[in-house]
Amino acid sequence: MKSAVRRSRFPGPKAKGYVARDAEAISPSYTRPHPFVMDHGQGSFAWDVDGNRYIDFNAGIAVTATGHCHPEVVKAIQEQAAKFIHMSTDFYYGVQIELAEKLVSLVPGEHPKRVFFCNSGTEAVEAAIKLARYYTGRPQMIAFLGGFHGRTMGSLALTASKAVQKRGFAPLMPGVTHVPYGYCYRCAYNLEYPACDLACVEFIESLFQKSLPPEEVAAIFMEPIQGEGGYIVPPPEFHVRLRELADRYDILLVDDEVQTGMGRTGKWFAIEHWGVVPDIVTIAKGVASGMPLGAMVARKEVMTWPPGAHGNTFGGNPVCCAAALATIKLIEGGLMENAAKMGQYMLDRARAMEAEHSTIGDVRGKGLMIGIELVEDRENKEPAQALRDDLLQRAFKKGLLLLPCGLNIIRFMPALSIDVQTAEEGLAIFEEALTEAEKAR
Ligand SMILES: Cc1ncc(COP(=O)(O)O)c(C=O)c1O
């Protein structure tokens, strides 16, 4: 299926036609960085409608965990669709119960848990917001600057990664206080780790003393590694200290694993890298290899809301659940191990590029969640956004699909199944594009 790269007609006539029609018929609120019009995909490759082949370092946005169209996932979808495609969530079906049991066993913590199913990341976060308020009877929430939790009105109130996502939509859900994340490369307090003694976590404690009564706080919402905000890995004690803080005041710790979960970082859930057990975990994106599915998993003693308190029409759709079970089997069967191995490989390769490229300010990540922060120079760390955007365009024209995050960051989040040869091909394009973009400045 790996046909030769062909880009003599870029963007091809068919792609041009679709892009023009899209501009007329589809909401302009989507960000569309490249005129890529998908025809089909296989593994870590995607072909456009004009026959051009691309290496996909995005996997959707960390969604097609098993690669495009993994035959086992396709088979599971086809078999379930032939049996039944939908049944009201007022009734039972085995495939959903089986998936809930599996997720409960994978989410960190030995305690009993329960699952609420939905269709997306934002819905999983909405469910967590509602459950946290319902269970604690408290109105307030803490979230992090740079965090992304979705775009519906509740989750959007927690989101703080780009102003454009909020501009014009106020008033949002009240009761959210944002605090700096553990972003050591650009510390909000201009301190150095570890001498800082995690001033970012201590700041929450000072808020509790001065303006935010902790007994009114239902939950702390965090991403174990910030995704849309810039693929930011916090310092080693960050999550441990957050857990301690939450315990001190009986606040729930909500771990948003929508982007980081399901094996992407080399563990089922990224929070496992720090040995911390959250009270609620939100899951979506990679869980069903691209089929729309979300889940909110909570301690059984927390998920006590009564029948009718929360629900939906499509959540836990049987075809999506079948895709998720097939996905989990593949992740268990070697893809998580591959994510850890290939993640380290790609991280090392990206770090090795630092010697030749002074515009690489920071390379960070875990597993196949790698961020490369580009700067004008390493001393002043001025974000190199124009360079980053130019690099993206150049890489695209050479056959590599990349997406940005934050202001000046490139992220690698390929399928968990990526192999060395494909990673090398993509990394070579990345470096070539970076060299050219640096020269063009
Ligand atoms: C950490 C996190 N939470 C929530 C969401 C929202 O997910 P969705 O786009 O499926 O609503 C995202 C999406 O990027 C995310 O990265």
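## Exercises on a predicted model

The protein has 11 helices and 15 strands. The model is predicted.

**Exercise 1. Decide how compact the protein is, using its radius of gyration and the globule rule.**

Step 1. The radius of gyration is 22 Å.
Step 2. For 441 residues the globule rule gives 22 Å, close to the value of the model, so the protein is as compact as a globular protein of that length.
Step 3. Along the principal axes, the C-alpha atoms fill a box of roughly 60 × 60 × 45 Å.
Step 4. Of the 441 residues, 49% are buried.
Step 5. Among contacts with a separation of 6 or more, 74% are between residues 24 or more positions apart.

**Exercise 2. Describe the open sheet of four strands: its strand order, its edges and the helix that packs on it.**

Step 1. The order is 11-12-15-14, and the pairing is antiparallel.
Step 2. Strand 11 (360-366) and strand 14 (403-405) each pair on one side only, which makes these two the edge strands.
Step 3. On average, neighbouring strands of this sheet are turned by 30 degrees against each other, direction ignored.
Step 4. The antiparallel pair of strand 11 and strand 12 (residues 369-374) has six bridges. Within it, Asp 362 stands opposite Glu 373 of strand 12.
Step 5. Helix 9 (residues 318-352) packs on the sheet and touches strand 11, strand 12 and strand 15 (409-412). The direction of helix 9 makes about 170 degrees with that of strand 11.

**Exercise 3. Characterise the shell around the ligand by its residues, its classes and the element with the largest share.**

Step 1. The ligand is surrounded by 15 residues, and the closest are Ser 120, Gly 121, Thr 122, Val 258 and Gln 259.
Step 2. Sorted by class, the shell has five nonpolar, seven polar and three charged residues.
Step 3. Helix 5 (residues 121-136) supplies the largest share of the shell, three residues.

**Exercise 4. Classify Arg 114 as buried, partly exposed or exposed, and place it in the fold.**

Step 1. Arg 114 lies in strand 4 (residues 113-118).
Step 2. A residue is buried with 20 or more other C-beta atoms within 10 Å of its own, and exposed with 12 or fewer.
Step 3. Arg 114 has 17 C-beta neighbours inside 10 Å, so it counts as partly exposed.
Step 4. Leaving aside residues up to four places away in sequence, Arg 114 touches Ala 298, Lys 300 and Met 303.
Step 5. Thr 304 is 190 residues from Arg 114 in sequence, while the C-alpha to C-alpha distance between them is 9.5 Å.

Technical notes
Residues numbered from 1 in each chain as written. Predicted model: local features only at pLDDT ≥ 70, side-chain atom pairs only at ≥ 80, totals over all residues. Pairing = 2+ DSSP bridges. Axes fitted to C-alpha atoms, helices over the stretch in contact; angles between N-to-C directions. Contact = placed C-beta atoms within 7 Å. Near = placed C-beta within 6 Å. Nonpolar A, V, L, I, M, F, W, Y, C, P; charged D, E, K, R; others polar. Rg over C-alpha atoms; globule rule 2.2 N^0.38 Å.
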